[in-house]
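Thank you all for making the time this morning. I would like to walk you through one structure, and I will go slowly for anyone who has not seen it before.

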Amino acid sequence: MADKKPHMNIVFIGHVDHGKSTTVGRLLYEHGEIDQRVIDQYRQEAEKLGKSTFEFAFVMDRLKEERERGLTIDVAHRKFETDKYYFTIIDAPGHRDFVKNMITGTSQADAAVLIVAAPEGVMEQTKEHIFLARTLGVPQMIVAINKMDATKPPYDEKRFNEVKEQVEKLLAAVGWKDVPFVPISAYKGDNIMKKSENMPWWKGPTLLELLNNLKVPPKPTDKPLRIPVQDVYSITGIGTVPVGRVETGVLKVGDKVTFMPANKSGEVKSIEMHHEPMKEAYPGDNIGFNVRGIGKKDIKRGDVCGHTSNPPTVAKSFIAQIVVLNHPSVIAPGYTPVFHAHTAQIACRFEELIKTLDPRTGQTKQDHPDFLKTGDIAMVKIVPTRPMVIEPVKEIPQLGRFAVRDMGQTVAAGQCIEVEK
Ligand code: GDP
């Protein structure tokens with residue numbers, strides 16, 4: 001493949017009904033990413049209903065009905081490409097799992113598109129999502145002020161500026177800077193792919209231009225080396241071969257490495273990816289590497305490999321910020337569910353509930369609450385029941401995020417703020 005466009009993961013956030021699905025639908029539709037059979041089916045239905053022309057709106061309404069009935073035909077096609085990037089929409093709008101996915105890094109967002117409806121302006125979830133996107137480390141944001149066709153009068157510049165100002169205040173309050181805005185109508189298609197004739201006052205870019213202007217996330221090669229171990233093999237004639245994805249840093253043949261918490265060290269004799277030998281491995285590479293001086297039994301899944309000069313941190317306890325996503329009752333001190341961080345799964349105890357935070361501002365809501373319930377955002381002290389590698393997200397984001405699972409579901413997600421060694 002000659003064409004090697006970068007991939008960009010984007011997440012759509014914003015208050016319910018402000019137009020996330022419609023905007024996503026519009027982008028997919030305009031890029032020809034909605035299955036032709038689905039469109040044909042809707043076209044026939046539209047004709048039966050006496051709608052002479054086939055309208056985008058009709059497709060969207062049907063997609064929405066399908067989703068409400070629990071069908072997910074729109075979810076399979078959440079990718080589109082522009083001349084600059086391949087985009088993947090990592091949250092199917094309406095799905096709450098994006099918080100969990102973002103935190104655990106299974107689908108780290110490179111950018112968020114915040115949708116705010118112009119007639120309504122800033123609402124509760126607008127504030128919450130701005131704060132969450134910030135805490136979860138989403139590096140870039142675009143704000144689309146939607147439903148410009150429904151302002152009074154339609155396409156009103158004054159209303160756009162009012163809502164823009166409201167949003168800018170919130171962004172500034174939680175530390176977002178240089179966030180670009182665009183007035184759109186997802187429903188009618190204004191300023192999505194091409195400049196709207198309905199808003200001659202708008203001299204700025206379209207949504208598509210803003211998406212193309214996003215920056216490619218830099219590869220974390222300058223961070224310390226971290227490779228969470230997925231598996232360990234013993235290969236005849238070669239020796240011990242741990243397998244894992246390089247999260248940060250660079251691994252070279254000849255490097256001295258240490259696995260923690262196992263605390264076993266050795267020297268890298270060879271590296272390979274897809275059965276091809278290589279001299280160096282970079283973030284994102286899924287590799288197997290032979291380490292001399294370590295036996296298969298010395299290390300296991302959940303250990304993390306780093307350079308001996310700067311080994312991974314083993315936490316005796318750590319301070320974390322968590323979001324309670326879905327807990328049937330309450331979380332009280334002493335609760336010991338399983339934490340999933342990188343490749344490790346370790347039971348950890350909630351030692352102390354330090355405080356809850358206001359989801360809109362990040363300010364302290366209550367010190368030392370007795371318990372936490374679904375929807376709460378809190379600072380907590382966690383004690384792993386056995387040695388565990390976890391590191392502050394500020395230093396190594398890839399090693400600082402975790403999901404909390406209990407009773408077969410993800411009850412919370414969070415990130416490590418500070419480690420006590
Ligand atoms: P979500 O909950 O944020 O995903 O919102 P939806 O995309 O489901 O939109 C909620 C409602 O607003 C639906 O009835 C849409 O048809 C309508 N809507 C979305 N975008 C626009 C727009 O640009 N203009 C107008 N007038 N209505 C819109």
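Let me begin with a question: in which loop is D17 found? Before I answer, please keep in mind that what you see on the screen is a predicted model. D17 is found in the loop between β1, which covers residues 7–13, and α1. The phi angle of D17 is near 75 degrees, which is a positive value in a residue other than glycine. With a relative accessible area of 54%, D17 counts as exposed, because the cut-off for that word is over 50%.

D17 also brings us to the ligand, since D17 is listed among the closest of the 16 residues that surround the ligand, together with K20, S21, T22 and D149. If we ask which element gives the largest share of that shell, the answer is helix α1, residues 20–30, which contributes 3 residues. Sorted by class, the shell holds 4 nonpolar, 7 polar and 5 charged residues.

Turning to individual contacts, I would point you to three places where the protein meets oxygen atoms of the ligand. At H18, a backbone N or O atom lies 3.4 Å from an oxygen atom of the ligand. At K147, the contact is made by the side chain, where an N or O atom is 3.0 Å from a ligand oxygen. At A186, we are back to the backbone, with an N or O atom that lies 3.0 Å from an oxygen atom of the ligand. As for how much of the ligand is covered, the ligand on its own has 580 Å² of accessible area, and the protein covers 81% of this.

Let me move on to charged pairs. As general background, side chains of opposite charge can pair when their charged atoms come close. How many salt bridges does a search of the whole structure find? The search finds 12, and I will show you a few of them.

In one of them, the side chains of E168 and K164 meet, with 3.2 Å from N to O. Both residues lie in helix α6, residues 157–173, and they are 4 residues apart, which is about one turn of the helix. E168 is partly exposed, at a relative accessible area of 33%, and K164 likewise counts as partly exposed, at 23%.

A second salt bridge joins the side chains of R226 and E391, at 2.6 Å from N to O. R226 lies in the loop between α7 (207–212) and β7 (227–235), while E391 lies in the loop between β22 (388–389) and β23 (401–406), so this pair ties together parts that are 165 residues apart in sequence. Are these two residues buried or exposed? Both R226 and E391 are buried.

A third salt bridge is formed by the side chains of K269 and E267, at 3.8 Å from N to O. K269 is partly exposed, with a relative accessible area of 36%, and E267 is also partly exposed, with 23%. Elsewhere in the list, salt bridges that share partners join K158, R159 and E162 into one network.

On the surface, Y233, I235 and I238 form a nonpolar patch, and together they have about 280 Å² of accessible area. Y233 has its place in strand β7, and Y233 is partly exposed, with a relative accessible area of 41%.

Finally, I would like to turn to some details of the backbone. Where do we find cis peptide bonds? One joins K152 and P153, with omega at about -10 degrees, and P153 sits in the loop between β5 (141–146) and α6. Another joins M260 and P261, with omega at about -5 degrees, and P261 lies in the loop between β10 (256–260) and β11 (264–273).

I opened with a positive phi angle, and I will close with another, at M407, where phi is near 50 degrees, again in a residue other than glycine. M407 lies in the loop between β23 and β24 (409–420), and M407 is exposed, with a relative accessible area of 54%. That is where I will stop, and I am happy to go back to any part of the picture.

Definitions and conventions. Residues are numbered from 1 along each chain as its sequence is written. This is a predicted model: local features need pLDDT of at least 70, side-chain atom pairs count only at pLDDT 80 or more; totals for chains, interfaces and linings use all residues. Side-chain values use heavy atoms; hydrogens and water are left out. A residue is near a molecule or strand if one of its heavy atoms lies within 4 Å of it. A polar contact is a pair of N or O atoms within 3.5 Å; within protein, one must be able to donate a hydrogen and the other to accept it, and residues adjacent in sequence count only if both atoms are side-chain atoms. Accessible areas come from the Shrake-Rupley method with a 1.4 Å probe; for residues, only the protein chains shown count as cover. Helices (H or I, at least four residues) and strands (E, at least two) are DSSP runs, numbered from the N terminus. Ala, Val, Leu, Ile, Met, Phe, Trp, Tyr, Cys and Pro count as nonpolar, Asp, Glu, Lys and Arg as charged, and the others, Gly among them, as polar. A salt bridge is a side-chain nitrogen of Lys or Arg within 4 Å of a carboxyl oxygen of Asp or Glu. Buried means under 20% relative accessible area, exposed over 50%, partly exposed in between (1.4 Å probe, protein chains only). Patches are made of residues with over 30% relative accessible area and no salt bridge: like charges are joined within 9 Å, nonpolar side chains (Val, Leu, Ile, Met, Phe, Trp, Tyr) within 5 Å.
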